[in-house]
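Visitor: I would like to go through this protein with you and ask, at each step, what justifies the words used to describe it. Could you set each value against its cut-off before you conclude?

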Amino acid sequence: MRADARRNHDRLLAEARTVFAEHGTDASLEDVARRAGVGIGTLYRHFPTRHALMSAVFEDAVSELLARARELRTAPHPCQALLTWLHEVVVHAAAYRGLSRALMSASPDSALSRCGTPMREAGNALLTRAQEAGTVRADVYIDDLLQLTHAIALAAEESPGDPQLADRLLTLTLNGLKHQPPGARGTARATGHNPLPPDHVHPHGA
């Protein structure tokens, strides 16, 4: 792709993300093209259908999550790195929930299915690192964590008056996943104190 064509492609993707987030997947494609500073014909040369544009927007956002997962593999605190990435997955799920539904209804062989495997692999690398560090239980699976993140995103979407809900639920979830030494649960019940060290569990801190 020539440099000018690549610039047009990238601008169209960026503006489509904004327009779909603001107005839903039925938003005007003419508006997307106008915001990107190109004609509608240019948009259709890059993305022949609305579905093609929606798929590209979704995959572009997922590629950012995959890149972020690669960065976090070298973070000093594996448990915090996992929580940070899961928080970003929650933000993505909330931002693109309407887009996900539209893609799912349009075709079973969509960007959703293409992105599923690399997302699981990226998350599993972070989870395995935290498990090997002894900070997350060995019986935790990435598919379950990703299901939880989508449930948390839905809960946050239904409680717009509580902007901290997603962070609280994520932190609560991860505290439940942490490895606890033998007898720690009994100690907690007896003393009323949480035996788990904080281990940098703020969702934004890795």
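Visitor: Where is R101 found, and what makes R101 count as exposed?

Guide: In this predicted model, R101 is found in helix α6. Its relative accessibility is 52%, and since the word exposed is kept for values over 50%, R101 counts as exposed. As for its surroundings, the C-alpha atoms of R101 and L112 are separated by 9.5 Å, with these positions 11 residues apart along the chain taken as their sequence separation.

Visitor: Why is Y44 called partly exposed?

Guide: Y44, which has its place in helix α3, residues 40-46, has a relative accessible area of 37%. Buried would require a value under 20% and exposed a value over 50%, so Y44, at 37%, is partly exposed. The C-alpha atoms of Y44 and L29, 15 residues apart along the chain, are separated by 9.3 Å.

Visitor: How many helices and strands does the protein have, and what share of its residues counts as buried?

Guide: The secondary structure comes to 10 helices and 0 strands, so that the order of elements from the N terminus reads α-α-α-α-α-α-α-α-α-α. Of the 206 residues, 42% count as buried, each of these having a relative accessible area under 20%. Among contacts between residues at least 6 apart in sequence, 69% join residues at least 24 apart.

Visitor: Which residues have the most contacts inside the largest nonpolar core, and which elements contribute to that core?

Guide: The largest nonpolar core has 56 residues, and those with the most contacts inside it are L82 and W85. Two or more residues are given to this core by each of α1 (3-23), α2 (29-36), α4 (50-72), α5 (78-95), α6 (97-106), α7 (111-132), α8 (142-157) and α9 (165-177). The largest share, 11 residues, comes from α4.

Visitor: What does L82 touch?

Guide: Leaving aside residues up to four places away in sequence, L82 touches G123, L126, L127, A130, V136, L145 and L174.

Visitor: What makes α4 and α5 roughly antiparallel?

Guide: These two helices pack at an angle of about 170 degrees, with their axes 10 Å apart. Angles over 145 degrees count as roughly antiparallel, and α4 and α5 are therefore roughly antiparallel to each other. On the side of α4 the contact is made by F58, A61, V62, L65, R68, A69 and L72, and on the side of α5 by A81, T84, W85, E88, V89 and H92. By class, this contact has 9 nonpolar, 2 polar and 2 charged residues.

Visitor: Why is α5 called oblique to α8?

Guide: The axes of α5 and α8 come within 8 Å and cross at roughly 50 degrees. That value is not under 35 degrees, as roughly parallel would need, nor does it fall in the range of 65 to 115 that counts as roughly perpendicular, so α5 is oblique to α8. The crossing is right-handed. In this contact L82, W85, L86, V89, V90, A93 and A94 of α5 meet L145, L146, T149, H150, I152 and A153 of α8, and by class there are 11 nonpolar, 2 polar and no charged residues.

Visitor: How do you know that α5 is oblique to α9?

Guide: Here the packing angle is about 140 degrees, with the axes of α5 and α9 10 Å apart. Roughly antiparallel would require an angle over 145 degrees, and roughly perpendicular ends at 115, so α5 is oblique to α9. This crossing, too, is right-handed. C79, L82, L83, L86, H87 and V90 in α5 meet A166, D167, L170, T171 and L174 in α9, a contact with 8 nonpolar, 2 polar and 1 charged residues by class.

Methods
Residues are numbered from 1 along each chain as its sequence is written. This is a predicted model: local features need pLDDT of at least 70, side-chain atom pairs count only at pLDDT 80 or more; totals for chains, interfaces and linings use all residues. Side-chain values use heavy atoms; hydrogens and water are left out. A nonpolar core is a set of buried Ala, Val, Leu, Ile, Met, Phe, Trp, Tyr and Cys residues joined through side-chain atoms within 4.5 Å. Buried means under 20% relative accessible area, exposed over 50%, partly exposed in between (1.4 Å probe, protein chains only). Helices (H or I, at least four residues) and strands (E, at least two) are DSSP runs, numbered from the N terminus. Contact means heavy atoms within 4.5 Å. Axes are lines fitted to C-alpha atoms, for helices over the stretch in contact, and angles run from 0 to 180 degrees between N-to-C directions. A crossing is left-handed if the near helix is turned anticlockwise from the far one by less than a right angle, and right-handed if clockwise. Ala, Val, Leu, Ile, Met, Phe, Trp, Tyr, Cys and Pro count as nonpolar, Asp, Glu, Lys and Arg as charged, and the others, Gly among them, as polar.
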